[in-house]
Amino acid sequence: MSHVPAPTSGTPSSTMLPAPNWHATHAEAEKRLTLLSEALAAGDWNAVDQGARWIYEVLRPHNEAEERELFPLLEEIGAEALYQRLHDDHRLMWEMTLHLLVEIVDGHVKSEAQATLLGQKLVDLIRDHIEAEEHLMLPLLRGKSLYWADDETSEGYLILEKKLIAPETWSFIVQAPMVARGRKPGQFFMVAPFAESERIPLTLAGGDARRGWIRFIMVEVGATTKAMGRLSAGDRLYAVAGPMGEPTELVEEGTIVLVAGGYGSAAILPAAEHLFSHGRRVITILGGRSHDRVLLADELKAASDLLIITTDDGSWGRQGLVTDALKDILDKEPVAEVVAVGPMPMMRAVAELTRPKDIFTLVSLNALMVDGTGMCGGCRVSVGGETRFACFDGPDFDGHKVDFDMLRMRQNWYKEAEEGACNPEDCRIGRRPAAEGFDYATLLNAPVTDLDWRELDLKTLKPSQKMKIPRQEMACQPPEMRVCNFDEVSLGLSPEQAQLEAARCLMCKQPHCIEGCPVSIDIPGFLQEIVNGSPQAAARIIKESSSLGSVCGRVCPQEKQCEIKCIVGIKGQPVSIGRLERYASDSMLGSGELPPVAPPTGMRVAVVGAGPSGLTVAGELVKKGHKVTVYDALHKPGGVLLYGIPEFRLPNSVVDQEVETLRRLGVKFVMNTLVGRSITLAELQQENEAVFMGTGAGLPKMMGVPGENFKGVYTANEFLTRINLMRADLFPTHTTPVTIGRSVIIVGCGNTAMDAARAARRMGAEQVHIVYRRTIKESTARKEELEHAEEEGIQFHWLTTPVQLLGNDKGWLESAQCAVMELTEPGPDGRRGVRMTDERITIPCDTLVVALGFDVNPLLARTEQGLRTLKGGVVVVDEATGETSVPGVYAGGDVITGGATVILAMGQGRRAAAAMHARLVGAEV
C-alpha cells in the first residue's frame, strides 16, 4: 500500500466534513484504540487494518481541524512548546499509520513481531497525545475563539493585496477570518463592497485559516464589480459573509477531471489542491479566448498530474475548446468524475459530452442571490425537474439534470433592467422617497373627548368617567401622500392623546391584558405612568419585560393578544395598549440611560440569529451579568425586523437604536457569520456554557405551478429584502435593483403579503392585486394592515389562486391564470376547507410575489445530528424551557414555530433566557 487510503465507500471524503467535536472524537478514539490493541494482541490483521484506516480517515481530519482552529490559539497565548509537541505528534502518527497500512496485505504481514511493535507504539503515541490535548490544550483554550470577526472587521474587511491577472480580472486577498476558518473546496461567499451596494456571490479560490485571509478572483461585469475594481490594497470591503454553499462532492476513487473557463479556475483550484495532496489523480483543463484569459495556470499545474490549456485563438496550448481536450481524455482513460466551472455554454457542453458515458459531472451554478443563506429564494434553479436553491443546496449540481435554458433565462434578468435605469421616466427598478423633509408632526390628531379633561385629575377618574373617553385615533399619512414615500405611515399619539388613552384603563385588580402579552409586560403599571405624565418611567417598566418596546408597539398584533383581553373592550373599544407601548418606548429611543446590569458571572452565551428572539435573549442575559455574543449571517443585526418589515411600518432607525442599546449593555455582535458553515454549533458549545438558536424560518415556500421561474416572479423574502435591507427603493444610489412592473400580483394574505403589496405600490406599480384562495375571514393579516392596503388602492381577489403563469419568448412574466375557489362545509375543527372550481380568470401582470410562508432553514439540523426536528425543519424544544434535544442548546422564534409574530418570538426568547440563566447559575427552572 503506497498511497493515501480512500475513505470508506458510501461516505463523503472525511476531510470535507465540518470540524469535529474535540471531546467526542477523543472519546471515540479511546474506544478504537482499545479495539486496535486487542486486535494486535490476537494477530487479527484485518481488524488492525480497519483500525489503522479509521485513524487515517477520521482522526487525521480531526487533527487537521485542530491545527486550523486551535493551534493558532496556542501560539497566541505563548504555549509554543505544547504547540510544537502536538504538531510533531500529528506528523509522527500519520507516518506510523501509513507504515502500518503498508505492512498489511490481504490480512497478512511479513513480520508479525515488527508490525505488532509498530502498532502498539502508534496506540501509545495517540493515547499520550489525546491525554495532552484533554488535560493541557483544551483547558488552556477554554472560552477562547480563533477569530472574533467584529474585532478585526468592525471597520470593514481589509484588502491585503489586489493584482490584475487578466483584462478586467482581479485577484484579491482580503482579511476575513470567519470565512477563512470554515472554507472548503467549491464554497463561495457574499461580498458587499460598500454600504450602498448589493451583495454579490464570489467563489473562494483559497485562504489561510491561521492568518485569517481569503483569496478570490473577480471579473468586472456590472456596476458593483466595476466599483470594486477601483479599490486598492489598504481599502476595506463593507461586508464579507461566508463560507456558503455545500462543498464540492468528490468521488472517492479514480481519476477526476477539472474543467474551467475564465473565472472558473478560481473555483476548481481548492478542489485540485485538496485532491492532489491526498494522492488522487487530477487532470485539469483550462480554457480561454486567448492567452491572457487563461487564469491561475501555474497554481493549477502544481496541483495537477496533467494540465491541458486550450485557447480559442491558439495563442497558448492547443487551439480549440475545452470539450475537445476533454473528449481526448475520455477516449484514452477511465474517468470517475468531471467538475466543470465557467461560462454556462461551456458547462452545458461538458455535461452533454459526459452524458453518453454516464460519468458523474458537476457544474457550479452562480445564480442570482441576495443573501446567500437560502432565505430569499432568488437563486432557485431547476435540477431534475425539482426547484433547488443554488446558495443552499449548491452551488454544485449534477450537470446532467440541470435545466440550463431556465438558468440562462434568469441570469440576464437584472442586466436587461439596469440598462434602462438611467431614464427615471421609464425606470421600473427603483424609486426615491417623495416626502423628504416633511414635518409629520403637523398631522398629529388632537385629543377627542366630551370630558373637560384639562380640568380633571386623570389619575383619580372614576370607572364611569373612564368609559366615557373615546378611543384616541392615531394619525396617519394620507393615502395619496404615503404611496409616494417609504416614511412611516402611522404617526403615533400626541402626548395629550396618550394621557387620555392611558386614562381609559380601569386598572383591574386581575389584569387579564398581562395574560394576553407573550412577554408579560406590566401593562397597568406602564399605563399609569403615562397618565402621570411620565412616559420614560413607563418605558422603564416595559423594558423590564421587553427589550424591543418600540418595535413591538408598531408590529405586534395587540388586537389579538393583550387588547382582546381588555375589560374596557367588553362595552366599547379596548385601550390602545400597543400604541401606548410605542409612545412610551419611543420616549427613550436615543437616550443614554441603560437598565441596571448585574455583576459579571463569567458565564458565556452564544446567540445564533440577530432577530427578535435572539435579541431578546441577548438583552435578558446580558442584564443578568452573562457575556453574550450574537452571530448572524447578514451584515446588520435585526433579522426579519430589517429584511422583512418595510420602513413605512417599522423604520430601520428604530431597530438600529434598539440594537445600539444592547451594544452599550455589552452584547457583542459577530456579523456576516453563517453558523453551520463558518463555525459549527458544536464549536459554539465548546466555547460557551449555553447556546440559543434564533435562526428564524428562512426557506420560502413556492406555489409549484407552471411558469413559476419566469423573470418577474419573486418570493416575498427576496422582494422585501431587496427593498428593506438592500434599499432598492433608492436605486441606483444604492446598487441593489428590484424590477417592478405596472401590474403586480401578490399571492397570499398574511402580514408579509400586505408588506409586499404596499411596498410594490410605493415602488411605482400602477395596479397591485392581492390573490388569496380563501376569504378575508381566513386572512392572517392584521386588520390595520388590510385597511391601510385598501386605502392605498390595492385590489383584493378573494377565493382565487394562480394555477399557471404565462410569459413571453424572452422569459418575462405577462399574466397569471387563476382558478376560482369555493369554501367547503366546516370540518370537525370548525374550519372550512377550500376547493377548486372549473372557472378560470386571467390577470395581466409584470411582477408576481409569492407570499405563502416559510419553512425552517435546515442548515443547523444538517450539521448537528443530535438536533431533533419535525416536518418542515421545525426544531423540537421543551415547552417549559425552550431547550432542544441537544443539552445546553435552546431555541425560540420561527425556528420552533415556523413563520409567526415578532412578539411570540420574543416571548419564546424570554422563556429560554430564564431557563438558560437558571442553568448558568445552577438554580431550578
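**Close-up 1. Who lines the largest cavity.** In this predicted model, helix α20 gives the largest share of the lining of the largest cavity, with 3 residues. That helix covers 523-531, and α19 (512-515) joins it in supplying at least two residues each to the lining. Counting by class, the wall is made of 14 nonpolar residues, plus 1 polar and 1 charged.

**Close-up 2. The middle of that same space.** The largest cavity has a volume of about 110 Å³. Zoom in on its centre and, out of 16 lining residues, the closest ones turn out to be Cys-505, Cys-508, Cys-513, Cys-566 and Ile-567. As for the overall tally, the model holds 5 cavities of 30 Å³ or more.

**Close-up 3. Met-467 and its contacts.** Here we look at Met-467, which sits in the loop that links α16 (463-466) to β19 (475-476). Is this residue buried or exposed? Somewhere in between: its relative accessible area is 35%, so Met-467 counts as partly exposed. Once you set aside the neighbours within four places in sequence, Met-467 touches Leu-506, Val-568 and Lys-571. For a sense of scale, pick out Lys-327 as well: the two residues are 140 apart in sequence, and their C-alpha atoms are 86 Å apart in space.

**Close-up 4. An open sheet of five strands.** In what order do the strands of this open sheet run? Reading across, you meet β23, β22, β21, β24 and then β35, and the pairing is parallel. The edges belong to β23 (668-670) and β35 (889-891), each of which has a pairing partner on one side only. Going from one strand to the next, the twist averages 20°.

**Close-up 5. The β21-β24 pair.** This view picks two strands out of the sheet: β21, residues 604-608, and β24, residues 690-693. They are paired in the parallel sense, and 4 bridges hold the register between them. To find one of these pairings on screen, start at Ala-606 and step over to Val-691, its bridge partner in β24.

**Close-up 6. A helix across the sheet.** Which strands does helix α33 lie across? The helix, residues 902-921, lies over β21, β24 and β35. Compared with β24, α33 runs at about 170°. One of the strands it crosses, β35, is also an edge strand of the sheet.

How values were computed: Residues numbered from 1 in each chain as written. Predicted model: local features only at pLDDT ≥ 70, side-chain atom pairs only at ≥ 80, totals over all residues. Heavy atoms only, no water. Pairing = 2+ DSSP bridges. Axes fitted to C-alpha atoms, helices over the stretch in contact; angles between N-to-C directions. Contact = heavy atoms within 4.5 Å. 1 Å grid on protein atoms, 1.4 Å probe; cavity = no way out; pocket = protein on both sides within 12 Å on 5 of 7 lines; lining within 4 Å. Points joined across faces, edges and corners; volume = space filled by probe spheres on them. Nonpolar A, V, L, I, M, F, W, Y, C, P; charged D, E, K, R; others polar. Buried < 20%, exposed > 50% of the residue type's maximum accessible area, 1.4 Å probe, protein only.
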